[in-house]
Amino acid sequence: MTTRFSAFLSGNPCELDLHRFPTTSDPNLQAWDAADEHLLKYLEESNADLANKILVINDSFGALTCALAAVKPDADIVFAADGRTAHLGCKANLAANGLANTNVDYQDCTDIGRNAQGRQILMKLPKNLNFLADTLSQLSQTLKAGDVILLGAKAKHINQSLLALIAKAVGPATASLTWKKTRVITIVADGSPRPAPKPSMWDVPEHGLQVTNLSNVFAASKLDIGARLMMEHLPQGQFTSVIDLGCGNGALGLKAAQSYPDARLYLADESAMAVESARRNWALNGLDTSRAEFIWDDCLSHLLSEVQADLVLCNPPFHQGEAITDHIAWQMFNDARRVLKPGGLLHIVGNRHLGYHIKLKRLFGNCKTIASNGKFVILQAVK
Ligand SMILES: C[S@@+](CC[C@H](N)C(=O)[O-])C[C@H]1O[C@@H](n2cnc3c(N)ncnc32)[C@H](O)[C@@H]1O
């Protein structure tokens, strides 16, 4: 895996050492992609001066932000991303490249229009097109006619329906020629503010719950099948401190709140929109807010050391962005073990073929299958 990133910007070469967050030795996982390089190359070849105020959206681990900060140290840069690991990755990469003191402000993507006006905007195409439409509609609230957004993407993801979605959300778009299998889409705002798309909302009648999801949250319009199996097989007991790790919209935490009336709940996710959705769902279902904490974190990295859980519920992700990887699940299981009391339970659901039982046995020395169907298994390990 290479960590050496090279670009040429404002007539200057820029060499950076960039790592993913958390760092990984997997040779297939790099901290940037060709669309990042293409965006910077496109900027350089456009001969336009770099602006003093820049907004960078969906920069995976800060490659764009670090390059801009390196060649224009006095620039005022806003880094906007939904993922906590993106924020932590950008901060770590800035620090590792001696750029920690540059002027970078951080925000999530729940109110992105707020900082957009008068900025040069660079953006990476997210995987989730509802999230793209939401982000662009938010930008349409404040951009003036003629303002430009440069969007970097893999060429295979660019088609007429994507360009139509962009045009509907903010203004017309045209794609560059292909370079290293990527293109840069130039979007020109038409100056008309669009209403932001409404969060999705649905019922889970068998559990008496109502759920709403902001645009970048897992399981957009119905309960995940793994979560459904998990909700049917929650462990029985008098739990008092329960963590929903990777909570998404909070479905597991909401069910736990119903099932364990004496429990204090901690709902944690790396997506700011997930955490906000879980918070809204807690209120939507009339639960007592003094019983819950909503945590935007990379797994449980920053959970206060006084939190000692007797149950951790987890439906772990098996990818990070576009990369299929089990390293987040592994980190979640390790973090769960760290915060559990002796005798506490980690209760997980996973796709049968992912082999999580091997990981749990290695970590806890035990693992029991609680339930399964054709596709998923519920596993439990005791600390
Ligand atoms: C399979 S979804 C499960 C969501 C929800 N618990 C459910 O069962 O419907 C996995 C969740 O893990 C979150 N996630 C991914 N990486 C994470 C990390 N490093 N730290 C915390 N949460 C993470 C994702 O944002 C996503 O919401």
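Colleague: Ala, Val, Leu, Ile, Met, Phe, Trp, Tyr, Cys and Pro count as nonpolar, Asp, Glu, Lys and Arg as charged, and the others, Gly among them, as polar. So how does the shell around the ligand divide by those classes?

Modeller: Nine nonpolar, four polar and four charged residues. Mind that this is a predicted model, where local features need pLDDT of at least 70, side-chain atom pairs need 80 or more, and totals for chains, interfaces and linings use all residues. Residues are numbered from 1 along each chain as its sequence is written, and side-chain values use heavy atoms, without hydrogens or water.

Colleague: Which ones come nearest to the ligand?

Modeller: Gly246, Asp269, Asp298, Cys299 and Asn315, out of 17 around the ligand (near is a heavy atom within 4 Å).

Colleague: And what does Asp269 touch?

Modeller: A polar atom of the Asp269 side chain sits 2.6 Å from a ligand oxygen (a polar contact is a pair of N or O atoms within 3.5 Å).

Colleague: Which residues face ligand nitrogen?

Modeller: Asp298 has a side-chain N or O atom 2.8 Å from a ligand nitrogen. With Cys299 a polar backbone atom is involved, 2.6 Å from a nitrogen of the ligand.

Colleague: How much of the ligand gets buried?

Modeller: The protein buries 92% of the 590 Å² that the ligand exposes taken alone (Shrake-Rupley areas, 1.4 Å probe).

Colleague: Switching topic: what's the volume of the second largest pocket?

Modeller: About 380 Å³, filled by probe spheres on the grid points. A pocket is an open set of points on a 1 Å grid where a 1.4 Å probe fits, with protein on both sides within 12 Å along at least five of seven lines; lining residues have an atom within 4 Å of a point.

Colleague: Who lines that pocket?

Modeller: There are 21 lining residues, with Asp134, Pro197, Lys198, Leu214 and Ser215 closest to the centre. Helices H4 (129-140) and H8 (272-284) each give two or more, and H4 has the largest share, five residues (helices are DSSP H or I runs of at least four residues, strands E runs of at least two).

Colleague: Where does the pocket lie relative to the domains?

Modeller: Between domain 1 (4-188) and domain 2 (200-382), because both give residues to its lining; the bounds come from an automatic or database assignment.

Colleague: Which peptide bond is cis?

Modeller: Phe21 to Pro22, omega near -10 degrees. Pro22 is in the loop between strand S2 (12-17) and helix H1 (34-45).

Methods
A polar contact is a pair of N or O atoms within 3.5 Å; within protein, one must be able to donate a hydrogen and the other to accept it, and residues adjacent in sequence count only if both atoms are side-chain atoms.
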